[in-house]
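Trainee: Please choose one part of this model for a close look, place it within the whole, and then follow it outward to whatever else deserves attention. I would like each term to be given with its cut-offs as you go.

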Amino acid sequence: MNTIFSSLNCAVDEADGARIVGYVRSVTGLSLTVAGLERAMGIGQRCIVHGRRGPVLAEAVGLGEAGTRVLPFGSWDGVSVGDRVELDQHGDLIHPDESWIGQVVDALGRPVRSGTSWTPGEHARDLKASPPRAFDRKRVGAKLETQIKVFDIFTPICRGQRMGVFAGSGVGKSTLMAMLARNTDTDVIVIGLVGERGREVQDFIQNDLGPEGMARAVVVVATGDEPPLLRRQAAWTATAVAEHFRDEGKQVLLLIDSVTRFAMAQREIGLSGGEPPTTRGYPPTVFAELPHLLERAGPGVEGSGDITGLYTVLVDGDDMNEPIADTVRGIVDGHIVLDRHIAEQDRYPAVNVQKSISRMLPDCHTEAEYRIMQAARRALGKYADMEDLIRVGAYRPGADPDTDAAIRFHQSATVFLSQRKSERLGSMRAFAETYRLLLEAGFDVPLPEEAESEGA
């Protein structure tokens, strides 16, 4: 009997113009319980609740004996018990297109600006698509030119690599993202602004990104005042758009700001769906969704492009070991730490070189580049070890030649690594300048003979 009913149910679902309808049983806070759709509606599927103030799009987040628990993409204002609920069988798809480049869209893939030349694509994309299978993927590709000196020298990024940018609030994450979008050598940039402050969206697009960056970018926006479903979906939509262009053979740079707000949105959804809070109030689905989101970026299969992903993580109280930061750091292929102490010294990008690393090293550098990077990192590390003694005057110049050289290099490197948004410097010139600073400071950096002849 169950088999007959399941077959009949599938036939009804596939019938043209079929409408499957239930009704509102109860509303509690953000959660609404729907009766009559238990056998037709699964987790993640969508429905339309027809209230007095118009239809409200919703998504199923829980199933139980009382009915299907759904959360809104808007507000339940005007919805009452007994209102009609209609199943939306294809609402979790978007249709990216080439015309989306240069546009700003919302989390549902709709244009934000009126009067834009925007058209939906022919092929639908699943918002929660699976990543390519591990053995079908290419290896990470060649090094990308970001034109950001501290990146190209100390934390190089390769095609198909995923990097986390970890920082507290107000230390330059948005500016750093804009620099990457304007300067990185990729075909398309997809930017997901998840839970962004409403007043900062226009500033980011017009001032930070600018016409140069916007000309090859798709920006997906969900502001902090929007419901948690939309904030979570902004990250999924941005990733699905990046997958569309990757499958067309393009090199895609995916920037999502921030993964922490994605996790906070998922926390609200999980708790509303009845999940128990676990680590620091985050329910288990948060830690299940993070790898699903992050693994979708990376190298594509043979014949397709790659998605190079950079994900910002807003660390709580500058604690780099809080649960979301710790989970993301274990998934991605390297991490960049922005330091408030460095930002307070007015050095931007405020990258802490000692705490940042790219897992693509040493393969993505030539032998000469890697030796220069190692020597520079050791010099900065030597200064960091002695910094407190130097500041209080406990270190006397001349007591240790290596410390004296580290002080000289740190003074020059601080100026050299500071970079404005509009400043560009190729990575080869950056390495040559770093080598010169090391030699002037008094460090011996042995290089291969061919590298020395090329530098001469």
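**A buried helix and its surroundings**

Mentor: Among the contacts in the protein with a separation of 6 or more, 72% are between residues 24 or more positions apart, where contact means heavy atoms within 4.5 Å. This is a predicted model, in which local features need pLDDT of at least 70 and side-chain atom pairs count only at pLDDT 80 or more, while totals for chains, interfaces and linings use all residues. Residues are numbered from 1 along each chain as its sequence is written, and side-chain values use heavy atoms, with hydrogens and water left out.

The protein has 13 helices and 17 strands, taken as DSSP runs (H or I of at least four residues for helices, E of at least two for strands) and numbered from the N terminus. Its C-alpha atoms fill a box of roughly 85 × 45 × 45 Å along the principal axes, and 53% of its 456 residues are buried; buried means under 20% relative accessible area, exposed over 50% and partly exposed in between, with a 1.4 Å probe and protein chains only.

The part to look at closely is helix H8, which spans residues 323-331 and in which Pro323, Ile324, Ala325, Val328, Arg329 and Ile331 are buried. An α-helix has 3.6 residues a turn, so residues three or four places apart point the same way. The buried residues of H8 pack against two other helices, H6 (259-272) and H7 (284-294), and against strands S10 (162-167), S15 (306-314) and S16 (334-337). Arg329, one of those buried residues, also lies over the face of Phe166, at 5.8 Å from the ring centre; a charge sits over a ring if NZ of Lys or CZ of Arg is within 6 Å of the ring centre and within 35 degrees of the ring normal. Lys149 is placed over the face of Phe416 in this way, at 4.7 Å from the ring centre.

Following H6 and H7 leads to the loop between them, where Arg280 is found. Arg280 has a positive phi of about 50 degrees although it is not a glycine. Most residues other than glycine have a negative phi, and most peptide bonds are trans. Gln147, in the loop between strand S9 (125-126) and helix H2 (149-154), likewise has a positive phi, near 65 degrees, and Gln147 is buried at 16% relative accessible area.

As for aromatic rings, the count comes to one pair, under a rule by which rings of Phe, Tyr and Trp (its six-membered ring) pair if their centres lie within 6.5 Å, with planes under 30 degrees apart counted as stacked, over 60 as edge-to-face and the rest as tilted. In that pair, Tyr282 and Phe287 have ring centres 6.2 Å apart and planes at 75 degrees, so the arrangement is edge-to-face. Tyr282 is buried at 7% relative accessible area, whereas Phe287 is partly exposed at 23%.

Further along the chain, the loop between helix H9 (340-344) and strand S17 (357-358) holds Pro349, which is joined to Tyr348 by a cis peptide bond with omega about -5 degrees. A cis bond also joins Leu361 and Pro362, with omega about 5 degrees, and Pro362 belongs to the loop between S17 and helix H10 (367-391). Val353 lies in the loop between H9 and S17 and is buried, with a relative accessible area of 5%. Leaving aside neighbours within four places in sequence, Val353 is in contact with Val150, Phe154, Arg377 and Leu380.
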